[in-house]
Amino acid sequence: MNKQVIQVLTIVFLLCGSFLSAQVVKGRVIDETTEEPIKGALIEILGTSYSTTTDAQGYFTFGESLPAGERILQISELNHYSRRIPIVIDPNIPVNLDPIYLRIDFSDQAQTAGIISLTENDLSDDANAANNISGLLQASRDQFLRAAAFDFSATFFRPRGLNSEDGRVLINGLVMNKMFSGRPQWSNWGGVNDLQRNQTFSMGLAPADDTWGGLGGVQSINMRASIQRPGSQISYASANRSYRGRFMGTYNSGLKGNGWAYSITASRRAGEEGFIDGTIYDANSLGISVEKKINDNHFINFTGLYTPNRRGRQAPMTQEIFELRGNTYNPNWGFQNGEVRNSRMREIEEPILMLNHNWQVNDKIKLNTNVGYQFGFIGNTRIDNGGTRLSTFGDGTIAGPVGGARNPSADYYQNLPSYHLRNGDVEQAYFAQQEFLNNGQLDWDSFYRANQIFDPTNGNSVYVIQNDRIDDDLFMASSILTADVTDNILLTAGMNYRNLKSENFAQVDDLLGGNGYLDVDFFAQESQTVSQDQAAQSDLNNPNRIVGVGDRYKYNYDILADEVGAFAQGQFKTKLVDFYAAGNVSRTTYQRDGKFRNGNFNAFENNSFGKSDVVDFTNFGVKAGATYKINGKNFLDINGAYLTQAPTIRSTFTNARQNNNIVTGLESQTVSSVDASYIYRSPIIKARITGYYSQFNDGTDVGFYFTERLTGVTSQGGNSFVQEVLTNIDRRNVGGEIGLEIQATPTIKLKAAAAFGENVFTNNPNITINSDDFPNQDLTFGDGTTNLKNYHVAGGPEQAYQVGFEYRDPDYWWVGATANFFSDAYVDVSALRRSSNFNLDSDGLQYSNYDPEVAADLLRQEKFNPYEIVNIVGGKSWRIGDKFVGFFATINNVLGKEFRTGGFEQSRLANFDDVLADRNNPTEVFAPRYFYGNGRTYYINFYLRF
């Protein structure tokens with residue numbers, strides 16, 4: 001009996017010893033300010049492969065046998081300062097670290113806020129919107145993606161050559177990408193930075209929590225009131241990029257005992273001009289989130305965003321203009337009564353209302369259902385110089401409209417020295433140069449004088465301010481189901497629906513001292529199907545109409561769009577491999593509903609007034625990926641996808657402002673993509689090396705411009721305002737990315753990033769030209785293609801490199817600097833010049849003096865010069881009682897380098913003779929127009945948290 005007792009006691013002793021050994025190190029991680037547990041903090045024993053994370057209550061435990069001796073325990077979490085604690089591991093003496101306090105990393109939050117602010121400012125101008133995918137990346141902790149978001153974004157660098165429509169932005173589970181262009185409208189949630197703290201970014205094709213995603217990744221912002229960090233914050237920011245000053249205040253209640261939580265944030269951003277002259281900025285923002293906990297399983301949340309904003313726009317410039325006036329020049333403004341007035345104002349006022357239901361069905365399943373409504377308008381103003389008055393014969397009958405005025409733009413080509421130098425008039429070129437240097441802005445007073453003189457009897461204006469409006473009503477809904485089937489299997493499925501009614505029209509914004517505007521097209525021409533009088537009418541249902549301020553004129557139509565989709569995704573974890581697979585399906589329809597009967601297209605039944613045919617697309621996508629865990633530090637990752645994408649509204653109609661015509665040969669774009677990465681993670685070094693390949697087929701693009709001497713067009717000498725339609729566009733993006741972080745010391749981090757790629761067209765797309773000068777005709781040249789194969793797709797530099805460091809002092813101040821190098825950026829080439837229109841004369845025969853070698857030189861794609869940018873960032877925070885005060889500051893482009901971020905060839909001249917003659921001028925008259933980066937700029941943010 002005694003022997004049995006001894007055996008039992010021995011077993012108990014061994015079990016207790018094993019238990020103590022298994023829990024040799026444990027603890028709990030707590031937020032220093034709120035005393036709340038921190039979930040998901042990474043706990044590492046440096047110098048070993050042992051690591052774990054904290055649970056929902058902040059606890060962690062190392063259950064395996066740990067190597068004995070003196071070690072360093074490192075605790076790190078996304079929003080807090082990391083801590084290192086010396087410990088002694090002895091299998092007979094457990095280590096209990098409860099509590100471990102972490103201090104909020106306000107500097108990291110401030111830097112993220114800075115990225116949000118700088119990104120929104122840089123991307124709010126649609127002129128460069130195609131390059132703005134960097135705005136998606138602000139939530140990423142990946143070193144390469146952080147570099148792309150913060151340091152590379154000023155150059156409109158595009159990671160992997162992708163556009164913003166290739167990624168998805170979601171707020172509370174609802175897609176924010178515009179149906180018109182596929183791009184996010186960043187300013188719709190600008191200025192409510194403090195509600196954007198809780199966001200995740202899924203890189204590339206990696207699985208996302210609430211959508212299938214896209215090649216550019218998914219940025220998902222959660223604005224639920226209950227998950228906002230409790231407390232208040234006020235801040236002031238000063239900058240010289242877009243706005244000059246910003247005030248912001250925020251209060252988050254946290255989840256109260258009565259089950260309510262609410263958050264409110266408001267801000268004001270303003271400036272008479274940013275880095276570019278005449279770019280006024282005027283924005284107010286209000287964000288409200290209110291949540292009610294019904295019980296432990298049901299939560300209802302309402303979020304409202306109202307962010308009205310106005311800003312003056314800038315314009316691209318030729319090298320001639322740049323050399324005369326520099327990179328801050330902007331032709332769109334002039335003085336009126338001693339104050340700056342910009343003729344091209346962009347105003348956005350599109351409130352968003354969202355209602356969300358979060359249902360925790362059980363411990364394994366949750367269902368989020370979301371509905372949203374967005375309404376309001378986007379307006380873009382410009383000067384309309386086509387005002388007319390009706391002339392009459394002696395018997396009083398109407399003879400027709402007369403009038404129209406000279407292009408008032410200060411940088412109009414006839415105002416520049418190059419226009420006169422091409423004719424050898426040096427004296428007049430000098431006068432033009434001096435006038436442009438001294439008075440190269442809009443003369444607002446001259447517009448008022450011209451309107452008073454033009455029609456003293458009736459007061460019709462020859463100049464007015466036109467506002468191109470888009471008034472959207474958008475209903476959104478989604479439902480997302482997440483099921484933790486087992487600890488190693490996560491299933492996600494969802495449905496989404498969007499319904500859009502988009503009113504598009506021109507509106508008279510200012511008569512500039514006149515009494516009315518005659519709504520006819522002074523530049524309309526007679527064609528084979530309509531007379532000039534008929535063609536001039538914007539709306540034959542109301543001919544020769546006089547419009548006033550607020551009236552719709554020129555064009556007026558609605559776009560009706562529906563989009564419904566569903567996706568399913570499975571994520572699986574094993575000891576060696578984590579993998580996933582996902583699929584989606586969607587159906588998209590578009591229809592135009594014309595409200596004006598345009599005179600140019602009246603001869604064609606149902607081609608302007610009334611509804612167009614319904615355009616219908618059914619699309620799908622599949623993707624899969626896997627991560628192979630070589631060991632605790634080395635990983636291999638691979639992702640692949642094949643998908644089809646419906647054309648956007650922008651690419652569906654040839655000229656929706658005038659007619660119902662749908663692009664001929666319109667198809668969904670197909671995309672195939674693969675990427676592979678090697679990832680290394682240790683307490684000291686974090687690195688990622690990625691290679692990617694993406695092929696896009698059957699793309700579509702529609703552009704608008706004025707051109708001269710079109711082959712096959714006899715009216716007006718072939719001079720026409722045209723719509724250029726490219727279909728069957730194939731392109732390829734291939735390249736690599738590198739991101740590297742080295743924690744050289746506990747306070748010094750070294751970092752590097754690199755991108756190298758090639759984005760080219762891989763075929764010769766189809767090109768057709770449409771115009772109201774030859775209505776309902778698809779004009780083609782030669783074999784109907786444009787020779788774009790192997791030309792680079794324009795959009796920021798293809799190569800970008802960075803080295804930098806960051807120092808974080810234990811006294812909570814930090815400073816960092818990066819040196820960035822950019823190269824291989826290209827001009828956007830003219831497709832019309834690379835069609836047979838270039839070498840064929842008006843008679844359809846090749847130009848007699850055509851020289852293939854000279855032509856090749858004229859058509860060579862311009863490559864921009866490489867450049868370097870140095871950026872410095874830093875900040876400091878102090879704790880005063882239970883309050884925190886601090887600042888974050890950045891200086892971008894410290895050395896003030898001048899560089900081009902993009903540009904395009906003008907298609908006004910598109911044949912061999914004209915382009916050659918212009919190239920041989922002392923200065924090209926219709927040279928490419930460029931976008932220039934900002935010089936030295938700063939951003940500084942002061943904050944108080946309590």
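Q: Is Asp468 buried or exposed here?
A: Asp468 is buried, and its relative accessible area is 10%. Please note that the structure is a predicted model.

Q: Which residue does Asp468 form a salt bridge with?
A: Its partner is Arg382, and the closest N and O atoms of the two are 3.0 Å apart. Asp468 belongs to strand E25 (residues 464-486) and Arg382 to strand E22 (residues 365-384), so this salt bridge ties together parts that are 86 residues apart in sequence.

Q: And Arg382, how does that one count by accessibility?
A: Arg382 counts as partly exposed, because its relative accessibility is 25% and the partly exposed class runs between 20% and 50%.

Q: How many salt bridges turn up in the whole structure?
A: A search of the whole structure finds 42 salt bridges.

Q: What about Arg498, which residue does it form a salt bridge with?
A: Arg498 forms one with Glu563, and here the closest N and O atoms are 3.0 Å apart. Arg498 sits in strand E26 (residues 489-510), while Glu563 sits in strand E29 (residues 552-573), so the pair connects parts 65 residues apart in sequence.

Q: Arg498, buried or exposed?
A: Arg498 counts as buried, at 7% relative accessibility.

Q: Which residue meets Asp841 in a salt bridge?
A: The side chain of Asp841 meets that of Arg709, with a distance of 3.9 Å from N to O. This pair links distant parts of the chain, 132 residues apart. Asp841 is in the loop between strand E40 (813-823) and H9, and Arg709 is in the loop between strand E35 (685-707) and E36.

Q: How do Asp841 and Arg709 count by accessibility?
A: Asp841 is partly exposed, with a relative accessible area of 22%. Arg709 also counts as partly exposed, at 33% relative accessibility.

Q: Which residues are linked in a network of salt bridges?
A: Such a network links Asp142, Arg160, Asp675, Arg688 and Glu737.

Q: Changing topic: how many residues are in the largest nonpolar core?
A: That core has 44 residues. Leu710, Ile769, Leu779, Leu832 and Phe838 are those with the most contacts inside it.

Q: Which helices and strands each supply at least two residues of this core?
A: The helices are H4 (319-325), H9 (852-858) and H10 (912-919). The strands are E36 (720-743), E38 (766-770) and E44 (929-932).

Q: What is Ile769 in contact with, leaving aside neighbours within four places in sequence?
A: Its contacts include Leu710, Leu779 and Leu832. Among the others are Tyr705, Val722, Phe774 and Phe781, together with Gln723, Glu724, Gln777 and Asp778.

Q: What other core lies apart from the one with Ile769?
A: There is another core, of 38 residues, which includes Trp189, Met476, Tyr553 and Val702.

Q: Where is Thr588 found?
A: Thr588 is found in strand E30 (residues 577-594). With a relative accessible area of 3%, Thr588 is buried.

Q: What does Thr588 touch, not counting residues up to four places away in sequence?
A: Thr588 touches Asp562, Glu563, Val615, Asp616, Phe617 and Ala646. One of these, Glu563, is also the salt bridge partner of Arg498.

Q: On to strand pairing: how many bridges join E15 to E17?
A: Strand E15 (residues 281-293) and strand E17 (residues 309-312) are joined by 3 bridges and run antiparallel. Asp282 has Arg310 in E17 as its bridge partner.

Q: And how many join E17 to E20?
A: E17 and strand E20 (residues 345-349) are joined by 4 bridges, again in an antiparallel arrangement. In E20, Met345 is the bridge partner of Gly312.

Q: In what order do the strands of the open sheet with E4, E1 and E7 come?
A: The order is E4-E1-E7, in an open sheet of 3 strands with mixed pairing. Strand E4 (59-62) and strand E7 (95-102) are the edge strands, each pairing on one side only. Direction ignored, neighbouring strands of this sheet are turned by 20° against each other on average.

Q: In which sense do E1 and E7 pair?
A: Strand E1 (residues 25-31) and E7 pair in the parallel sense, over 6 bridges. Ile30 has Tyr101 in E7 as its bridge partner.

Q: Last one: where does Asn96 lie?
A: Asn96 lies in strand E7. Its C-alpha atom is separated by 6.1 Å from that of Val25, although the two residues are 71 residues apart along the chain. Not counting residues up to four places away in sequence, Asn96 touches Lys26 and Gly27.

Methods:
Residues are numbered from 1 along each chain as its sequence is written. This is a predicted model: local features need pLDDT of at least 70, side-chain atom pairs count only at pLDDT 80 or more; totals for chains, interfaces and linings use all residues. Side-chain values use heavy atoms; hydrogens and water are left out. A nonpolar core is a set of buried Ala, Val, Leu, Ile, Met, Phe, Trp, Tyr and Cys residues joined through side-chain atoms within 4.5 Å. Buried means under 20% relative accessible area, exposed over 50%, partly exposed in between (1.4 Å probe, protein chains only). Contact means heavy atoms within 4.5 Å. Two strands pair if DSSP finds at least two bridges between them. A salt bridge is a side-chain nitrogen of Lys or Arg within 4 Å of a carboxyl oxygen of Asp or Glu. Axes are lines fitted to C-alpha atoms, for helices over the stretch in contact, and angles run from 0 to 180 degrees between N-to-C directions.
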